[in-house]
Amino acid sequence: MANTLSSWLVPVLLIVGCLALAMNILNAKKVNRSLVENVEKAQADLMVAMDTSQDCSKQLEGKSADMQAKDQQLASLTANVNTLTDEKNQIQEQVNQLQQQIDQANSEKDAVVAENDKLTNELEAAKAPKKEAPKEEPPK
């Protein structure tokens, strides 16, 4: 019986070992498929991230160029505002000078008109006695 038991034991152990190896191979294939899928998914995610990064970089470059253009435009407009402000101040100064000249001319005119009125009144006063003098009758 020991002989029959050992004759059956070795083949049964070999069969169990083969089944274990076959199950291990199938399990390893399953794990390998899962790992390959994970690697492919990671590569796909990496490609998406790289594309997104490139898109963001392009957008950033575009926005930077726009900002530089707007900064230049702002600097130009600021220079224009400063120039126009200086011109406005110069014109305002000229207006003030002209207003002073007008005021001075008006005061001189008023003085001349007052002098004229005074002389006119004196002339009328001087003419008035002459007119009264002929009205008087000369002595006979």
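Modeller: Helices here are DSSP runs of H or I with at least four residues, strands are E runs of at least two, and both are numbered from the N terminus. Gln-92, for instance, is found in helix H1. This is a predicted model, in which local features need pLDDT of at least 70 and side-chain atom pairs count only at pLDDT 80 or more, while totals for chains, interfaces and linings use all residues. Residues are numbered from 1 along each chain as its sequence is written, and side-chain values use heavy atoms, with hydrogens and water left out.

Biologist: How many helices and strands are there in the protein chain?

Modeller: The protein chain has one helix and zero strands. Its radius of gyration, taken over C-alpha atoms, is 59 Å, well over the 14 Å that the globule rule (2.2 Å times the number of residues to the power 0.38) gives for 140 residues, so the chain is more spread out than a compact globule. Along the principal axes, the C-alpha atoms fill a box of roughly 205 × 20 × 15 Å.

Biologist: What separates the C-alpha atoms of Leu-26 and Gln-92?

Modeller: A distance of 96 Å, with their positions 66 residues apart along the chain. Gln-92 also lies 68 Å from Asp-45, C-alpha to C-alpha, at 47 residues apart in sequence. Leu-26 has its place in helix H1 too.

Biologist: Is Leu-26 buried or exposed?

Modeller: Buried means under 20% relative accessible area, exposed over 50%, and partly exposed in between (1.4 Å probe, protein chains only). Leu-26 is exposed, at 58%, whereas Gln-92 is partly exposed, at 39%. Of the 140 residues in the chain, 0% count as buried.

Biologist: Which residues form a nonpolar patch on the surface?

Modeller: Patch residues have over 30% relative accessible area and no salt bridge (a side-chain nitrogen of Lys or Arg within 4 Å of a carboxyl oxygen of Asp or Glu); like charges are joined within 9 Å, nonpolar side chains (Val, Leu, Ile, Met, Phe, Trp, Tyr) within 5 Å. Here Trp-8, Val-12 and Val-16 form the patch, with about 330 Å² of accessible area together, by the Shrake-Rupley method with a 1.4 Å probe, where for residues only the protein chains shown count as cover. Trp-8 belongs to helix H1 (residues 2-135) and counts as exposed at 61% relative accessibility.
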